[in-house]
There are 4 protein chains.
Amino acid sequence: MDTRRLERKLRMGMVGGGADAFIGAVHRMAAQLDGGVEFVAGALSATPDKARASGRALLLAPDRNYGTWEEMLEREAARPAGDRIDFVSIVTPNDSHFAPAAAFAGAGFHVVCDKPMTFDLEEARRLVSIVGASGIVFALTHNYTGYPLVKEARHRVSSGELGEVVKIVVEYPQGWLLAPLERAGQKQAAWRTDPRRAGASCCIGDIGSHCENLAHYITGLEINEVCADLRTVVPGRPLDDDGNLLVRYASGAAGVLFASQISAGEENNLGIRVYGTRGALEWRHEEPNDLWLRWPEAPATLLRRGNAYLSEAARRATRLPAGHPEAFIEAFANVYRNALDTVRARILGVEPDPLALDFPTALDGARGMAFIETAVASARSERKWHPLKDYR
Amino acid sequence: MDTRRLERKLRMGMVGGGADAFIGAVHRMAAQLDGGVEFVAGALSATPDKARASGRALLLAPDRNYGTWEEMLEREAARPAGDRIDFVSIVTPNDSHFAPAAAFAGAGFHVVCDKPMTFDLEEARRLVSIVGASGIVFALTHNYTGYPLVKEARHRVSSGELGEVVKIVVEYPQGWLLAPLERAGQKQAAWRTDPRRAGASCCIGDIGSHCENLAHYITGLEINEVCADLRTVVPGRPLDDDGNLLVRYASGAAGVLFASQISAGEENNLGIRVYGTRGALEWRHEEPNDLWLRWPEAPATLLRRGNAYLSEAARRATRLPAGHPEAFIEAFANVYRNALDTVRARILGVEPDPLALDFPTALDGARGMAFIETAVASARSERKWHPLKDYR
Amino acid sequence: MDTRRLERKLRMGMVGGGADAFIGAVHRMAAQLDGGVEFVAGALSATPDKARASGRALLLAPDRNYGTWEEMLEREAARPAGDRIDFVSIVTPNDSHFAPAAAFAGAGFHVVCDKPMTFDLEEARRLVSIVGASGIVFALTHNYTGYPLVKEARHRVSSGELGEVVKIVVEYPQGWLLAPLERAGQKQAAWRTDPRRAGASCCIGDIGSHCENLAHYITGLEINEVCADLRTVVPGRPLDDDGNLLVRYASGAAGVLFASQISAGEENNLGIRVYGTRGALEWRHEEPNDLWLRWPEAPATLLRRGNAYLSEAARRATRLPAGHPEAFIEAFANVYRNALDTVRARILGVEPDPLALDFPTALDGARGMAFIETAVASARSERKWHPLKDYR
Amino acid sequence: MDTRRLERKLRMGMVGGGADAFIGAVHRMAAQLDGGVEFVAGALSATPDKARASGRALLLAPDRNYGTWEEMLEREAARPAGDRIDFVSIVTPNDSHFAPAAAFAGAGFHVVCDKPMTFDLEEARRLVSIVGASGIVFALTHNYTGYPLVKEARHRVSSGELGEVVKIVVEYPQGWLLAPLERAGQKQAAWRTDPRRAGASCCIGDIGSHCENLAHYITGLEINEVCADLRTVVPGRPLDDDGNLLVRYASGAAGVLFASQISAGEENNLGIRVYGTRGALEWRHEEPNDLWLRWPEAPATLLRRGNAYLSEAARRATRLPAGHPEAFIEAFANVYRNALDTVRARILGVEPDPLALDFPTALDGARGMAFIETAVASARSERKWHPLKDYR
């Protein structure tokens, strides 16, 4: 972070993310990791009392510990320009992204939003439009794009080193929903399996969307059509908890994309293999400091985070020397780092470093929603192939 | 091998497998590994001169070094019962399996045949019938079923330890056909990519069939329907070199099956993950002495070949103590070990050890041919779902 | 962190850690990760101008951006009790730990100090005494003890599950000093290879000390004697850059301890294997979310961070669910978390949670210095066995 | 194997290796794997009745199923030259190697002998002399040298690619003797822990000797001195079951060598890391198809068996394409392959292929015995450093 130029910390507000939330705490750690942000305001729950109790526990000043996001928006906007929050992070369930995102954007606050971006594709397209009109910086926390070796993977593809991409295998097996946790009152499970809060899909929406995003981020390829076999393995669950997809990309490449929440013993085993005409790469989230490159006629090479032989994008996303592993929080922080460096440039009225523009945007979010809805549509119409829905 | 009872070595003949062949040498090593077989006769090529040159190099006696399999069959059948070959191994390209297999079986010789079993499903169904009528022992060398930890995997599923199987991911990426080797005269590539010799499929026929067989061997599940996206990535190649499939099993389980010959840098990376309602397993061919078991609420366990805690089927398939790795040839030899112990029991007129009956049969071969033809049919009809063709 | 009780953030000062420093930034990220600390004061370099430039870049308030640690001590002590720093983190080279640590401790400030604790054993023993007399909380950042699965390893040994420990293999190979970086002006290399700043040893002091600490932390065993073969592989370097040691522990256990800075291609490959009479464990820093347990008659088990089956000490040291990897910064933050929870209890006048007392102390630092000096003494006297120097 | 030139199989005799033996069966499989050997004679136990029972089970002809090796020697020597055995494999416990090896060598039979070569160094030196005088081919089955990627490792060092070797870490942990199996009548444990049969050492003799041999084979370095800490962890056992050594090589390189039979849960975890001034390598026996190369400034490369980029020595030692794993038996067979190709050249009166001379010799065996006796001497004299005993 180049704080020498802005010479102050950015002020962060948060919507959602109170007690029992998982991802809110991650956003706070990630945003503040580099010392350039102070968390000053929040509406941390949809229930005002819970929101304020969480804010007290997190040491928010009483006058900025809000009961609702509408209140936060109104009162922060009323503060002097030099004192109000610079950006808001939205970490609520999917059905509660659009309204605050649209409102804060409309009021000129920069927005960081968790994924999937909205409840449905329609909302997503509207949000793209609102964000575009507002001129704010909008970042979607597809956090896996923040890993240094995912950035390296993207670099190796775009440099042409692997030739033309011909096949992509991307997968995200988890096992945590093999038990019906939603019936035991587990909050994370409850909203993800509830169609009124999660939207049209549980498994594909929550983690299949990461697969789509990761494949797109690394390769730049657009999906042309998908054939989706979505299932609900745990009886009584109203949304999918397992999904297997065949994918055709616009370039002619093809591949497999599967995600699961009922794969016993799997933790968070996101992985991608990209095969080109001249070489291939493999990255796995559970060993994120490694990137494999494989070649038809030469030994495989193992790239490791933190080394001078990596691309600038990968080196910029690293805080520690090689061999001192970095992981999830640091990758998440890299999404914030780039987005907030762009915010800082906006505040200073200068051009951002081109490398700082490397973070997921509202358009990425709309593409993700199109992917989710297309997969659901395929699955519901006898698992036939469906063209990707229009998201622009 | 219990040679104490037969008190002689079995006599082996071979069809195909001469110079430049890869799998013929494997069959000879595998058959003879345990000291219970002598390789005494062969028709080692479709070209009589080449056949005899190969036989000389392999030290066959001149009078049993035949120019054609028809000659071998006629002259071996004419030898005294105590001197003729006991079994024949057929290791030719796919289009040349049926005729010798049917002829030797019809003449009462036991048969070991390489996979896929025949040129097409029609031949396969006929061969099942011929083998059944002949009463001989017929073994199909789906060699991956010979690995001790594949047998253990099967045991863990059949014991119910993993609960009901709900998902299977099985894959077989290779990269060797990313280059158009068939145009460079590489013999292995030439016949596999030639529809007149390989049949309806290259990739799915050669290695996708191993995926189907492995999944069936371990889980016992029958495929109900498949949706197959088969492609030819290398321009000008008349058969598929990459295939991605969605699978539904008769039990309601589902999964992904993919195989590839154009995945740069992949060697022979067959792997399977079986997810059940109570646990899961993973086995990968390139580290065949490991079998992972994973559990929803407990640490993963790593089973290793050669240990006393394994099932009898796995221990019986092992020649070395734990930690001295075994690999491809030993697994291949296990298919022979069981098949030939069954042959010995037949010769002695006794019941075989039930564990010796654990080897792939003609019916497995027919199921495999049905899988291949179903996949091709799906791919050719707009990649729609197709029910598995009838193979019984 | 239980901030509900203190209801304010702790105020942190720092000695050392300015521009070009590696570990200072780690301390700042680690201390502030959980949102309970604000970094408010610093004397960030031994050169006042550099100190102040670094402080400005890090957004310190001008009046707390000090030129020297003596100035910081004097002026912070002069602030009102409710406004001065609560603790100081000392992150200078080894020769500059003792003086500020002793002075801040003597003035009643809590101290976090990087390792090795002091320049020599004599200083270490004095510091133990000063800290003891002062009543402050003193934490030494042997950060590897902060990893959740290192805590689990300790738990598994102390629970008796592995039986009596009979052998320990602990190693720390690096390769970064294979090149004479100190002659190229690399700051990290320059002071570590300089006997006036690093002390009697480079390799054993810098990283061999982590081996000793890790083995002691996990097993509780005290070293009885060592036989050390220390070498300087890069010509002209005045201190050791490679060390191989045999170790006998007071319990009768034995083992190997080796460290290296000239092992080409190694990054930060700290690893430990502890063998007991009933089982064994292995942990490797480069895959820190895994802990292997191995058994004489049963399959190995792989424990993974974040799971409910782990001990309370391991679960308390985790911020993310299983499968979202944590790494170096989070482990470092765990040393701070426990030390600062103890500081908070001290401020509040209550007993700390017993689990919060799990952080390295001055006595651990003195033991480490005794280990370093014993190893050097052995190496200098014909590599003979030497009893561990007295450190209490 | 170039059988076209000899045009017959070699005839093999065996001393030891009957029922309950482990290594005898390995020798038979390894010798015959390539189809160029027939096992025709044996004296398979020190007890004549057991010897003959084993011979019957293994289908030896009654007239060549001998009760003692002396009888085998006498009667085979009496057979016509074109009918007697070509070589004998000696697979008895250590105390019974010298006598038959010397006698068969003296009578002009080629000899393959298991390791360690003899009961003590004195016998070893005598055997070197006898073998030299006899002119026979003598091969010692240090089988790990037969792995293709061990040969590649050797090639990479000798080519200078890694620079000058500065450090070697070689280790061989096992756990099978953690239980007092010798008291339970387990035959393998009984003789290895018996000083009258195994010699001066159990652990260092049985497996530490593999470490010494492997390090020497790969690097060519000679040990100058060792400091050995040998222990007996299991009470009542008369020989060492764990050993930790520091090593200095004549070149100035140094390192660690440790072996253990009481490391719980370890199977056969031989591994070596060789660090040079320009790069490093690592090979581990339990994943023998991999060889890691590591570099100071470039990504690590993973060499895999069976690829065209490997050296001729590695490619010659391979029977299968890349990705079809090979393992222990195939490596063992490579020692036989080279030794027997040398025997064939001797029989034919031609120069052997220089690559065929790559197998361990009697001098390697004597070096190994010197290593064992030096380690024991060091351990017995207060664990001081000892120069390597003279073995030439």
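This is a short talk on how chains A and C are related and on a sheet in chain B.

Hi everyone. A word on conventions: this is a predicted model, where local features need pLDDT of at least 70, side-chain atom pairs count only at pLDDT 80 or more, and totals for chains, interfaces and linings use all residues. Residues are numbered from 1 along each chain as its sequence is written, while chains are lettered from A and ligands numbered from 1 in the order in which they are written.

Let's start with the symmetry. A turn of 180 degrees with a shift of 0.0 Å along the axis lays chain C on chain A, with an RMSD of 0.0 Å (least squares on the C-alpha atoms of residues with pLDDT of at least 70 in both copies). That is the relation of a two-fold axis. Both copies use the same surface, as 100% of the contact residues of chain C recur in chain A (contact: C-beta atoms, placed from the backbone, within 7 Å). Which residue of chain C comes closest to the rotation axis? It is C:A327, with its C-alpha at 2.8 Å.

Now to chain B. Here five strands make an open, parallel sheet in the order 2-1-3-4-5. Strands are DSSP runs of E, at least two residues, numbered from the N terminus, and two of them pair if DSSP finds at least two bridges between them. Strand 2 (37-43) and strand 5 (138-140) of chain B are the edges, each pairing on one side only.

Further in, strand 3 (residues 87-90) and strand 4 (residues 110-113) of chain B run parallel, joined by four bridges. There, B:S89 stands opposite B:V112 of strand 4. Thanks for listening!

Terms used
Contact = placed C-beta atoms within 7 Å.
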